[in-house]
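The following paragraphs lead through the arrangement of strands and helices in a single model and then turn to its charged side chains. Please keep the display in view while reading.

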Amino acid sequence: MAVVYAVGVGPGDPELLTRKAERILRSVDVICAPTGAAEGGSYALSIVEEFIDRSRQEVLIQLFPMVKDQQGLDPFWEEAADQVAQRIAAGKDVAFVTIGDPFLYSTYLYIHRIFLAKYPDIKIEVVPGISSILASSAVSGLPLGLGPERIAILPATYEKDELKRTLEEFDTVVLMKVNRVFDSVYAALKELGREKGGVFVRRVGSAEEEVHHDLEALVGQKLDYLSMLIVRKNPL
């Protein structure tokens with residue numbers, strides 16, 4: 001029976017793929033790769049390009065609009081799921097590649113729920129990947145947690161009061177895709193006296209990787225979508 005593999009390809013460095021992920025990518029019939037814009041490329045696909053043989057494998061680019069308001073986007077997820085289901089019905093194994101890990105704020109989850117509801121007989125195997133959170137912690141030298149410490153992971157949207165409460169209640173806070181709200185986040189950090197305890201990481205694991213401990217220098221700057229901020233309450 002054909003299988004859908006949800007493959008986490010890590011944050012950007014092909015060497016951070018697991019051996020299992022590489023094996024599956026080399027063996028499947030179809031590679032599905034998400035893109036946020038019709039005319040844009042797929043970052044996930046660029047990470048794994050060296051493992052793909054386009055002479056014998058189909059590469060299917062699927063549009064997943066990256067917008068704040070997800071209302072009205074169900075047709076995109078449905079179409080992507082239907083395209084995969086058609087290939088599974090033809091007996092082809094399919095790998096859907098997604099940056100980071102498939103089950104942590106990933107693009108794949110939009111169609112995973114459709115598979116479960118609309119195609120319950122499809123066999124799905126999730127291949128974990130190294131999250132950008134773990135990679136960013138490693139390259140910045142800022143540990144995420146020790147002993148009884150608590151960690152919070154927040155998506156791109158959060159209110160200032162909620163953010164301040166989280167920063168006060170948790171030992172380490174990870175702010176995903178912080179680029180558009182960085183200035184307001186920095187202001188909240190200053191109010192709490194926490195502006196010196198964070199690190200900003202851009203495109204970790206790629207050739208464009210940047211690590212910034214001086215957060216004040218980033219205020220007012222145009223920041224990358226693939227970025228995050230890690231704030232730690234106490235030094236080791």
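Two strands are said to pair if DSSP finds at least two bridges between them. By that criterion, strand 8 and strand 9 (residues 210-212) pair in the antiparallel sense, with 3 bridges. The model is a predicted one, and the description below begins with its parallel sheet.

This open sheet contains 5 strands in the order 3-2-4-1-5, with parallel pairing. Its edges are strand 3 (58-63) and strand 5 (123-127), each of which pairs on one side only. Neighbouring strands in the sheet are turned by 25° against each other on average, direction ignored. Strand 2 (residues 30-35) runs parallel to strand 3 and is joined to it by 6 bridges; within this pairing, A33 has I61 of strand 3 as its bridge partner.

Two helices may be followed across these strands. Helix 1 (residues 19-27) lies across strand 1 (3-8), strand 2, strand 4 (94-98) and strand 5, and runs at about 135° to strand 1. Helix 3 (residues 74-89) lies across strand 1, strand 2, strand 3 and strand 4, at about 160° to strand 3.

Helix 3 also takes part in salt bridges. E58 and R87 form one of these, with their closest N and O atoms 2.9 Å apart. This pair links distant parts of the chain, since E58 belongs to strand 3 and R87 to helix 3, 29 residues apart. E58 is partly exposed because its relative accessibility is 28%, whereas R87, at 18%, counts as buried. In a further salt bridge, the side chains of D82 and K118 meet at 3.1 Å, N to O. D82 is in helix 3 and K118 in helix 4 (residues 109-118), so this contact ties together parts that are 36 residues apart in sequence. D82 is partly exposed at 21% relative accessibility, and K118 is partly exposed with a relative accessible area of 42%.

A second open sheet of 5 strands has the order 6-7-10-8-9 and mixed pairing. Strand 6 and strand 9 are its edges, each pairing on one side only, and the twist averages 15° from one strand to the next. Strand 7 (residues 172-176) is joined to strand 10 by 5 bridges in an antiparallel arrangement, where T172 has R232 as its bridge partner. Helix 7 (residues 182-192) packs on the sheet and touches strand 7, strand 8 and strand 10, its direction making about 5° with that of strand 10.

Why is strand 8 largely enclosed by the rest of the structure? The reason is that 5 of the 5 residues of strand 8 (residues 198-202) are buried. Both of its faces are covered, with G198, F200 and R202 on one side and V199 and V201 on the other. Strand 8 is joined to strand 10 (residues 227-232) by 5 antiparallel bridges, and G198 has V231 as its partner there. On strand 9, E210 stands opposite R202.

Beyond strand 8, R203 forms a salt bridge with D224, with 2.8 Å between the closest N and O atoms. R203 lies in the loop between strand 8 and strand 9, and D224 in the loop between strand 9 and strand 10, so the pair ties together parts 21 residues apart in sequence. R203 is partly exposed at 23% relative accessibility, while D224 counts as buried at 14%. Salt bridges that share partners join R202, R203, E210 and D224 into one network.

Note on methods
Residues numbered from 1 in each chain as written. Predicted model: local features only at pLDDT ≥ 70, side-chain atom pairs only at ≥ 80, totals over all residues. Heavy atoms only, no water. Buried < 20%, exposed > 50% of the residue type's maximum accessible area, 1.4 Å probe, protein only. Helix = DSSP H or I, 4+ residues; strand = E, 2+ residues; numbered from the N terminus. Axes fitted to C-alpha atoms, helices over the stretch in contact; angles between N-to-C directions. Contact = heavy atoms within 4.5 Å. Salt bridge = Lys/Arg side-chain N within 4 Å of Asp/Glu carboxyl O.
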